[in-house]
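Q: Please take a close look at one part of this model, the nonpolar core together with the strands and rings around it. A connected account would be preferred to a list.

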Amino acid sequence: MDGVQLLIQYKIKQNKMVAGSSKLLISNPFKQSNGNIINNNVYYLSDGEKETRWIWETNEIKGFSSYKKKSSQDSKSVFKKPKFKNESKRELRLTK
């Protein structure tokens, strides 16, 4: 089946994502992204939003604002630090 392309469609909604040392928050290495819905999420990186990394349709993007513009996703998502139960003790459950 030469030339067959598998496109994965997904929804990522109402999540809280914190990047680690790679600074990568979302990796979507596919050439097309039809039907995906990514919105109403909270993203965070201790180095700041301009240092975040994103891979969208094989392009690496730096910065949350640039990612939102280039991907046309996450229009209602925000970049802010989630409130953890006790971060100093590595108790990373979220407070309500």
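A: The account below moves from the sheet to the core, then to the aromatic rings and finally to one buried polar residue.

The model is a predicted one. Three strands form an open sheet in the order β2-β5-β8, and their pairing is parallel. Strands β2 (16-18) and β8 (78-79) stand at the edges, each with a single partner strand, so one side of each has no neighbour in the sheet. Between β2 and β5 (residues 42-44), the parallel pairing runs over three bridges. Within that pairing, M17 has Y43 of β5 as its bridge partner.

M17 and Y43 also belong to the largest nonpolar core, which has twelve residues in all. The other members are A19, L25, I26, I38, L45, W54, W56, I61, F64 and Y67. At least two residues of this core come from each of β3 (24-28), β6 (53-56) and α1 (64-71). Apart from residues up to four places away in sequence, M17 touches I12, L25, N41, V42, Y43 and Y44.

Aromatic residues deserve separate attention. The structure holds eight aromatic pairs. In one of them, the ring centres of F64 and Y67 lie 6.5 Å apart with the planes at 25°; the pair counts as stacked because planes under 30 degrees apart are classed in that way. F64 and Y67 are three residues apart in helix α1, a separation of about one helical turn. Both are buried: F64 has a relative accessibility of 5%, and Y67 has one of 0%. Through ring pairs, a cluster forms that links Y43, Y44, W54, W56, F64, Y67 and F79.

Q73 brings a polar side chain into this description. Q73 is situated in the loop between α1 and β8. Its relative accessible area is 10%, and Q73 is therefore buried, the limit being under 20%. From there, the side chain of Q73 reaches the backbone nitrogen of I38 at 2.8 Å. Beyond its neighbours within four places in sequence, Q73 is in contact with N36, I37, I38, W56, Y67 and K68. Of these contacts, I38, W56 and Y67 are members of the largest nonpolar core, and W56 and Y67 also take part in the ring cluster.

Notes
Residues numbered from 1 in each chain as written. Predicted model: local features only at pLDDT ≥ 70, side-chain atom pairs only at ≥ 80, totals over all residues. Heavy atoms only, no water. Pairing = 2+ DSSP bridges. Helix = DSSP H or I, 4+ residues; strand = E, 2+ residues; numbered from the N terminus. Core = buried A, V, L, I, M, F, W, Y, C linked by side-chain atoms within 4.5 Å. Buried < 20%, exposed > 50% of the residue type's maximum accessible area, 1.4 Å probe, protein only. Contact = heavy atoms within 4.5 Å. Polar contact = N/O pair within 3.5 Å; in protein donor to acceptor, adjacent residues only side chain to side chain. Phe/Tyr/Trp six-rings, centres within 6.5 Å; stacked < 30°, edge-to-face > 60°.
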